[in-house]
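Subject: Structure handover and notes

Hi there,

Here is the structure I promised to pass on to you. Please open it alongside this message, and then read on for what I found.

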Amino acid sequence: LGSHPMSPFQFHEDGFLVLECFFSPEECDSMRSSIQRILDVMEVPPHCRTEFSTKEEEQLQAQGSSDYFLTSGDKIRFFFEKGVLDERGNFLIAKEKSVSKIGHALHAHDPVFKQITHSSKVQELGRKLGLERPVVVQSMYIFKTLTPLLFITVTPHQDATFLHTEPLGRVLGFWIALEDATQENGCLWFIPGSHTSGITRRMVRAAQGASTCVEFVGSEPTYDDSKFIPVPISKGGLIVIHGEVVHKSEMNSSGFSRHVYTFHVMEAKGTSWSKENWLQPTPELPFPLLYA
């Protein structure tokens, strides 16, 4: 890490921190190979017709209609793009282009992702950021592939809407570019300094018997588009994301994929994880310590 102009000040100022060349090309390729192995043996679960979308009603309908999503926190599971499966669950396009993301416990169950997540450089970075007892709460592999059917944007959001803690400010995302992320293929955009005014909306587990498993409470703010800045990053780069900073990604119009491995940690010292979050630790997988 010696080579990084690592400034916790910059992180606290902006709500995100960009560290180019944090991982080697070989480490990136090992993650991509590992995912290819997982995809090779993937079977579409018979009950799983979960299409992953970030438009709110569809998100509620698709994620909420499925226990598959709610019980994925301690497993490796597949979430598909819209319109890639017919009603029988057969692929309409190549299966590796049909998956939107794989989550939410790669860090626990896959040796390559476990090693990366708990690598000494990530642990060292956690200490530089002042994390005393960080635990890993979830991980995802995001494909951001372009096919003619799919123009997927990720609407502006704050991670703490989905991963709520008391007090706030205890969740951090680690976002690793496994390929160059550019404005053309859907890099992240941030509103610098937007992490200081809390959150206005939460996604919570719905009451028993509700038509969806999760629901949004609070209001979705409108953001001034002109305040977003693009944050392109090269393969191997890492972006650390404050749980309350507002960020988004535009559609991938490049013709190339934009693979990412991302995981979230919580500072467990003096923090309580909301019982209303969709994601809950389980007896099989309590949130593992980052420094282990």
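Leaving aside its neighbours within four places in sequence, which residues is Ile102 in contact with? In this predicted model, the partners of Ile102 are Ile35, Ile38, Leu39, Ile76, Arg77, Phe78, Ser139, Met140, Tyr141 and Phe143. Ile102 is also among the residues with the most contacts inside the largest nonpolar core, together with Ile35, Phe174, Ile176, Val240 and Tyr261. That core has 57 residues, and helix H2 gives the largest share of them, five residues. Another core lies apart from it, with 17 residues that include Leu188, Ile191, Val245 and Val260.

Now some overall figures. The protein has 292 residues, of which 53% count as buried, and its secondary structure comes to eight helices and 15 strands. Among contacts with a separation of 6 or more, 83% are between residues 24 or more positions apart. The accessible surface is about 12800 Å², and carbon and sulfur atoms account for 54% of that.

On to the sheet. Seven strands make up an open sheet with antiparallel pairing, in the order S1-S12-S7-S14-S4-S3-S2. Strand S1 (16–19) and strand S2 (76–80) are at the edges, each pairing on one side only. From one strand to the next, the twist averages 20°. Helix H2 (residues 25–40) lies across S2, strand S3 (99–104), strand S4 (134–142), S7 and S14, and runs at about 100° to S3.

Strand S7 is a good place to begin a closer look. S7 (residues 171–177) is joined to strand S14 (residues 260–267) by seven bridges, and the two run antiparallel. Two of the core residues named above can be found in this pairing: Ile176 has Tyr261 as its bridge partner in S14. In the same strand pair, Phe174 stands opposite Phe263. Towards strand S12 (residues 238–242), S7 pairs in the antiparallel sense over five bridges. Here Gly173 has Ile241 as its bridge partner, and Trp175 stands opposite Ile239.

How many of the residues of S7 are buried? The count is seven of seven, and both faces of the strand are covered. One side carries Val171, Gly173, Trp175 and Ala177, while Leu172, Phe174 and Ile176 are on the other. As background, side chains in a regular strand alternate between the two faces of the sheet.

S12 is mostly covered as well, with five of its five residues buried. Leu238, Val240 and His242 point one way from S12, while Ile239 and Ile241 point the other way. S12 is also joined to the edge strand S1 by four antiparallel bridges, with Val18 and Ile239 as bridge partners.

Next, a lysine that I would like you to see. Is Lys248, in strand S13 (residues 247–249), buried or exposed? Lys248 has a relative accessible area of 7%, so it counts as buried, the cut-off being under 20%. Its side chain makes a polar contact of 2.8 Å with the side chain of Glu250. Leaving aside neighbours within four places in sequence, the residues in contact with Lys248 are Val154, Thr155, Pro156, Cys187, Leu188, Trp189, Asp225 and Phe228. One of these, Leu188, belongs to the core of 17 residues.

Finally, a few backbone details to look at:

- Gly103 and His104 are joined by a cis peptide bond, with omega about 5°. His104 is found in strand S3.
- The peptide bond from Glu166 to Pro167 is cis too, with omega near -15°. Pro167 lies in the loop between strand S6 (165–166) and S7.
- Cys21 is not a glycine, yet it has a positive phi of about 55°. Cys21 sits in the loop between S1 and H2. Its relative accessibility is 59%, so Cys21 counts as exposed, which requires over 50%.

Happy to talk any of this through once you have had a look.

Best wishes

Key
Residues are numbered from 1 along each chain as its sequence is written. This is a predicted model: local features need pLDDT of at least 70, side-chain atom pairs count only at pLDDT 80 or more; totals for chains, interfaces and linings use all residues. Side-chain values use heavy atoms; hydrogens and water are left out. Two strands pair if DSSP finds at least two bridges between them. Axes are lines fitted to C-alpha atoms, for helices over the stretch in contact, and angles run from 0 to 180 degrees between N-to-C directions. Contact means heavy atoms within 4.5 Å. A nonpolar core is a set of buried Ala, Val, Leu, Ile, Met, Phe, Trp, Tyr and Cys residues joined through side-chain atoms within 4.5 Å. Buried means under 20% relative accessible area, exposed over 50%, partly exposed in between (1.4 Å probe, protein chains only). A polar contact is a pair of N or O atoms within 3.5 Å; within protein, one must be able to donate a hydrogen and the other to accept it, and residues adjacent in sequence count only if both atoms are side-chain atoms. Accessible areas come from the Shrake-Rupley method with a 1.4 Å probe; for residues, only the protein chains shown count as cover.
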